[in-house]
Amino acid sequence: MAATYRIIEEEGLVEQVARLSSNVIERLGGYVGRGIEEVRGLGYLLGVRCEKPAKEIQAALLDRGILVGTSGDSRTFRLLPPLTGSEEEWGLFFAALDDSFAGVDFRTPIMACTSPAKVGHSTPSTDWWSR
């Protein structure tokens, strides 16, 4: 285990995740109202609540070679990439996400949203995140 910690420190993975994850959260925030309702989490552990069922987005991403998880909330997919994820790999993710959303019709909402979407960090005790 000490070797793992040494590699994480030597390769600056914590700093890389801190830098890249803020960009990822910001970019995901750009999709709010265009397929995404909310982004929650910290670092690379993110929950992305969609306007349509997450399984549709998950399947579309998988067709493009991107693996994401789902959650107890049918409209939330989870991101938990390796700490070694690069800017180039995140670029591939966002290109696949763009393609995935292009194939989903968001014009007909499946339920009304009563509050504005929040982007950024929140506590894991929020109902949809904790399921």
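Helices (H or I, at least four residues) and strands (E, at least two) are DSSP runs, numbered from the N terminus. The model is predicted: local features need pLDDT of at least 70, side-chain atom pairs count only at pLDDT 80 or more, and totals for chains, interfaces and linings use all residues. Residues are numbered from 1 along each chain as its sequence is written, and side-chain values use heavy atoms, without hydrogens and water.

**Exercise 1.** Place Arg40 in the fold, and decide whether Arg40 is buried or exposed.

*Solution.* Step 1: Arg40 belongs to strand S1, residues 36-42. Step 2: apply the cut-offs for relative accessible area, which are under 20% for buried, over 50% for exposed and in between for partly exposed (1.4 Å probe, protein chains only). Step 3: Arg40 has a value of 7%, so Arg40 is buried. Step 4: look for a partner; the side chains of Arg40 and Glu38 make a polar contact at 2.5 Å. Such a contact is a pair of N or O atoms within 3.5 Å; within protein, one must be able to donate a hydrogen and the other to accept it, and residues adjacent in sequence count only if both atoms are side-chain atoms.

**Exercise 2.** Describe the sheet that contains S1.

*Solution.* Step 1: strands pair if DSSP finds at least two bridges between them. Step 2: four strands form an open sheet in the order S1-S2-S4-S3, with antiparallel pairing. Step 3: S1 and strand S3 (69-70) are the edge strands, each pairing on one side only. Step 4: strand S2 (residues 45-50) pairs with S4 over four bridges. Step 5: Arg49 has Thr76 in S4 as its bridge partner.

**Exercise 3.** Find the surroundings of Val68.

*Solution.* Step 1: Val68 sits in the loop between helix H3 (54-63) and S3. Step 2: its relative accessible area is 5%, so Val68 is buried. Step 3: a contact requires heavy atoms within 4.5 Å. Step 4: leaving aside neighbours within four places in sequence, Val68 touches Gln58, Leu61, Phe77, Arg78, Leu79 and Phe93.

**Exercise 4.** State where confidence in the chain is lowest and where it is highest.

*Solution.* Step 1: pLDDT is the predictor's confidence in each residue, from 0 to 100. Step 2: the chain has a mean of 82, and 78% of its residues reach 70 or more. Step 3: the lowest mean, 36, belongs to helix H5 (residues 127-130), and the highest, 97, to strand S4 (residues 76-79). Step 4: residues 108-131 have pLDDT below 50, yet this stretch has 39 contacts in the model beyond near neighbours in sequence.
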